[in-house]
Amino acid sequence: VKIGKPEVLLKPASDAPVIADVATLEHKAMSGDIEPLLVALKDKLEKNPGNGEGWALLARSYVELKRHADAVNAYEMATKIITDDPQLYADYADALAVVNGGKLAGAPDELVNKALKLDPHHQKALMLSATAAFDRQDYKQAISLWERLQQLLPADSEMRPYVQASLNETYAVSGEKPSANKTTELST
């Protein structure tokens with residue numbers, strides 16, 4: 001599950017070299033020559049493994065290239081250093097779920113829970129948690145999470161139809177009936 005542009009959510013780097021790397025990465029990505037830069041960034045990070053922002057940048061870059069297994073390793077390094085970023089945990093959980101064949105059970109679910117502990121309103125983490133609840137057939141929990149997410153989304157959000165469809169599917173599979181005030185939302 002991917003929401004928006006994760007690169008926008010990167011925290012500002014605390015040191016100039018990473019900022020320069022981000023600018024260079026963006027320029028190289030536009031020219032299609034990102035692989036050598038990623039190799040150089042990984043080498044630099046292996047020599048200076050305490051750079052959490054650099055590991056997060058590398059992980060997100062790997063995700064963009066659909067190299068999720070490499071992203072998981074980089075996210076693991078990043079979350080050892082940056083322990084207070086719910087977006088980082090949600091992105092890590094998402095990449096790990098892709099590597100695990102779309103399954104959120106186990107470590108991905110634990111990462112989502114860490115993200116929600118840091119920010120109970122984190123949209124991507126709520127979406128992943130609702131999906132995990134649905135997968136384990138905990139439909140009441142899934143409905144609760146989808147409804148909570150739906151309340152957080154602006155009326156014109158691109159995600160709203162997806163969330164509504166997921167909510168509708170969960171109601172249909174569970175046999176639960178939406179409350180009267182939810183019935184009007186479900187028909188929209």
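**Figure 1. Arg-60, Asp-91, Asp-94 and Lys-124 are linked in a network of salt bridges.** The view is taken from a predicted model. One member of the network, Arg-60, belongs to the buried residues of helix H3. Across the structure, the count of salt bridges comes to nine; further examples are presented in Figures 3 to 5.

**Figure 2. Helix H3, residues 52-64, is mostly covered.** Of its 13 residues, 11 are buried. The buried set comprises Gly-52, Gly-54, Trp-55, Ala-56, Leu-57, Leu-58, Ala-59, Arg-60, Ser-61, Tyr-62 and Val-63. The end C-alpha atoms of H3 lie 18 Å apart, which agrees with the span of 18 Å that 13 residues should give at 1.5 Å a residue. At the start of the helix, a side-chain oxygen of Asn-51 reaches to within 3.4 Å of the backbone nitrogen of Glu-53. H3 is followed by Lys-66, which has a positive phi, near 65°.

**Figure 3. In helix H2, residues 35-47, a salt bridge joins the side chains of Lys-42 and Glu-46.** The N to O distance is 3.8 Å. Because the two residues are four apart in H2, about one helical turn separates Lys-42 from Glu-46. An α-helix has 3.6 residues a turn, so residues three or four places apart point the same way. Lys-42 counts as partly exposed, at 33% relative accessibility. Its partner, Glu-46, is likewise partly exposed, with a relative accessible area of 47%.

**Figure 4. Glu-76 and Lys-80 form a salt bridge in helix H4, residues 68-81.** The side chains of this pair meet at 3.8 Å, N to O. Lys-80 and Glu-76 are four residues apart in H4, and therefore about one helical turn lies between them. Lys-80 is exposed, because its relative accessible area of 59% is over the 50% cut-off. Glu-76, in contrast, is partly exposed, with a relative accessible area of 33%.

**Figure 5. Asp-70 forms a salt bridge with Arg-67.** The closest N and O atoms of the pair are 2.8 Å apart. Asp-70 has a relative accessible area of 30% and is partly exposed. Arg-67 also counts as partly exposed, at 26% relative accessibility.

**Figure 6. The protein chain contains 10 helices and zero strands.** From the N terminus on, its elements run α-α-α-α-α-α-α-α-α-α. The chain has 188 residues, of which 43% count as buried. Among contacts between residues at least 6 apart in sequence, 49% join residues at least 24 apart. The chain exposes about 10100 Å², and carbon and sulfur atoms supply 55% of this area.

**Figure 7. In the N-terminal segment, residues 1-19, pLDDT stays under 50.** For these residues, the model has 26 contacts beyond four places in sequence. Over the protein chain, pLDDT averages 85. A score of at least 70 is reached by 78% of the residues.

Notes: Residues are numbered from 1 along each chain as its sequence is written. This is a predicted model: local features need pLDDT of at least 70, side-chain atom pairs count only at pLDDT 80 or more; totals for chains, interfaces and linings use all residues. Side-chain values use heavy atoms; hydrogens and water are left out. pLDDT is the predictor's confidence in each residue, from 0 to 100. Contact means heavy atoms within 4.5 Å. The expected span of a helix is 1.5 Å times one less than its number of residues. Buried means under 20% relative accessible area, exposed over 50%, partly exposed in between (1.4 Å probe, protein chains only). A polar contact is a pair of N or O atoms within 3.5 Å; within protein, one must be able to donate a hydrogen and the other to accept it, and residues adjacent in sequence count only if both atoms are side-chain atoms. Accessible areas come from the Shrake-Rupley method with a 1.4 Å probe; for residues, only the protein chains shown count as cover. A salt bridge is a side-chain nitrogen of Lys or Arg within 4 Å of a carboxyl oxygen of Asp or Glu.
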